[in-house]
Amino acid sequence: MSDEPWTHSVVVPAITAPSSVACLRTLGRRGIRTIVVAEDETAPALRSKYCDEAVPVPDPHEDLVAYKDALLAVATRSDVQTIIPVRDVDVYVLAKYRAEFADHVATPWPNMDTLASAQDRIRLFDAAEEAGVGVPETGVLESDPDFGSDADRPWSQEWIVKARYAVLADEYIDDYDLGQYVDPPKTEYLRPGAEPDIDALTREMGHQPLLQEYVPVTDEYGFFALYDHGEPVATFQHRQIRGYSYAGGASSYRESVRIPALEEAGRDLLGHLDWHGLAMVEFLRDEDGEFKLMEINPRFWSSLPFSVQAGADFPYYYWQLANGEREAIEHSYQADIAGHLLRGELLYLYSILFDDVELAEKPSFTGSLSEILSSIGRETRFDYASLDDPRPFVRDLRNAYQYYKEKESVK
């Protein structure tokens, strides 16, 4: 670590997704000092040459308050200008304890009430309907009078069960203690024609989950934005071509796009919420061409490296906004280019071999492998792989190998 008396530093949590490394690379190359906070010593961001300092912190899933206290201790340093949220737990802590952090750093993130309008999906879908943004048929998984009774509901229709809340914590669930924080279980795809066991699903989800119509498309669209108290500072769009699974999920291969209807839907929703800070608004486009809202991720997205490669340098925009330089932000991006997360491409192939999602049509393995190899040859943009900073890519592959080695050993 340098002995130079730094006056401009940024705090970046280290996670498994490539967003942490993207922040380090773009800010580090601009001479901004990076402080990486990490509860896991195997995080790829710790291997980046743009990691100027590493600070161990408690795991927020084990003790949320201890994690907050550790972040706050770093924030009180005179050189630290702001903290970048890269996962839901980060923005939850920053919003919940916003007043404490505001005494020390810039706070370009939503307050708790605004955050709840995104993380409570019933509130989110209500807001979307008020804003004129399309949503799939959605209700609480129970005899909801606004959603039809169990007896009236056509179980022959295709449904999914998903968490009502993006995070399970005391702000949303009454019987959670202050320091508890749990990531919700994955989405369940219901078998058509079979009435689900509501009590079992509720126990599995850890709260009263949502029942939502299944939108039978695989192309997902993202509207990405940085907002300043209801006003858009920068926006970006991509179409997801492949996810971690053949049924969807996080992005492994995507292309940048410019679609006026997508821009309008994203802006209408975030403007209605008077949004502040980062947002990734996820949409599916149905067979009629309408964009239907899936969720808002109120922090940096896992495909952030591709946004930067396309010209939308959101980590730097975030830094500029935090430092009162909004007018200096020069925003643009190139449409019709694509990029990969190589580990994600492997996960896509793995899902074809070993997963069975009844509502999603499974593609051919050989055809998918051919498509992946061909697209890698055409589009040589990668989230982790970088000749300038190779060690995060190597660490990520090691982590993925170890994860699946342990997963196979318990089967």
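Which residue follows α10, and what is the sign of its phi? The legends below take us there by way of several close-up views of this predicted model.

**View 1. The end of helix α10 and the residue that comes after it.** Here is the reply to our opening puzzle: G324 follows α10, and its phi is positive, near 70°. Now look back along the helix itself, which covers residues 314-322. Of its 9 residues, 8 are buried, so the rest of the structure largely encloses α10. You can pick out the buried ones by name: F314, P315, Y317, Y318, W319, Q320, L321 and A322.

**View 2. The largest nonpolar core of the model.** This core holds 77 residues. If you would like some landmarks, try I84, Y92, F101, Y172, F300 and F314, the residues with the most contacts inside the core. Helix α2, residues 64-75, supplies the largest share, with 7 residues. Another core, made of 29 residues, lies apart from this one. Among its members are A127, A225, I259 and I296.

**View 3. Y92 and the residues it touches.** Leaving aside residues up to four places away in sequence, Y92 touches L64, M112, L115, Q119, V167, A169, D170, E171, Y172 and Y181. One of these partners, Y172, is also listed with Y92 among the residues that have the most contacts inside the largest core.

**View 4. Helices α2 and α3 packed against each other.** How are two packed helices described? By the angle between their axes and the distance between the axes. For α2 and α3 (residues 88-96), the angle is about 75° and the axes are 10 Å apart. The two helices are therefore roughly perpendicular to each other. On the α2 side, find L64, Y67, K68 and L71; they meet V89, D90, Y92, V93 and L94 of α3. Sorting the residues of this contact gives 7 nonpolar, no polar and 2 charged.

**View 5. V89, a residue of helix α3.** Is V89 buried or exposed? With a relative accessible area of 2%, V89 is buried. Not counting residues up to four places away in sequence, V89 touches P60, L64 and Y181. Next, find F300, which is 211 residues from V89 along the chain. In space, the C-alpha atoms of V89 and F300 are separated by 12 Å.

**View 6. The aromatic pair F224 and F236.** The whole structure contains 16 aromatic pairs, and this view picks out one of them. The ring centres of F224 and F236 are 5.7 Å apart and the planes meet at 40°, so this pair is tilted. F224 sits in strand β11 (residues 220-228) and F236 in strand β12 (residues 231-245), so the pair ties together parts 12 residues apart in sequence. F224 counts as buried, at 0% relative accessibility, and F236 counts as buried, also at 0%.

**View 7. F224 again, now with W301.** The centres of these two rings are 4.8 Å apart and their planes are at 45°, so the pair is tilted. F224 in strand β11 is linked here to a distant part of the chain, since W301 lies 77 residues away, in the loop between β15 (291-297) and α9 (304-309). W301 is buried, with a relative accessible area of 2%. Step back and a cluster appears, in which ring pairs link F224, F236, F300, W301, F306, F314, Y317, Y318 and Y333. Three of its members, F314, Y317 and Y318, may look familiar as buried residues of α10.

Methods:
Residues are numbered from 1 along each chain as its sequence is written. This is a predicted model: local features need pLDDT of at least 70, side-chain atom pairs count only at pLDDT 80 or more; totals for chains, interfaces and linings use all residues. Side-chain values use heavy atoms; hydrogens and water are left out. A nonpolar core is a set of buried Ala, Val, Leu, Ile, Met, Phe, Trp, Tyr and Cys residues joined through side-chain atoms within 4.5 Å. Buried means under 20% relative accessible area, exposed over 50%, partly exposed in between (1.4 Å probe, protein chains only). Helices (H or I, at least four residues) and strands (E, at least two) are DSSP runs, numbered from the N terminus. Contact means heavy atoms within 4.5 Å. Axes are lines fitted to C-alpha atoms, for helices over the stretch in contact, and angles run from 0 to 180 degrees between N-to-C directions. Angles under 35 degrees count as roughly parallel, over 145 as roughly antiparallel, 65 to 115 as roughly perpendicular and the rest as oblique. Ala, Val, Leu, Ile, Met, Phe, Trp, Tyr, Cys and Pro count as nonpolar, Asp, Glu, Lys and Arg as charged, and the others, Gly among them, as polar. Rings of Phe, Tyr and Trp (its six-membered ring) pair if their centres lie within 6.5 Å; planes under 30 degrees apart count as stacked, over 60 as edge-to-face and the rest as tilted.
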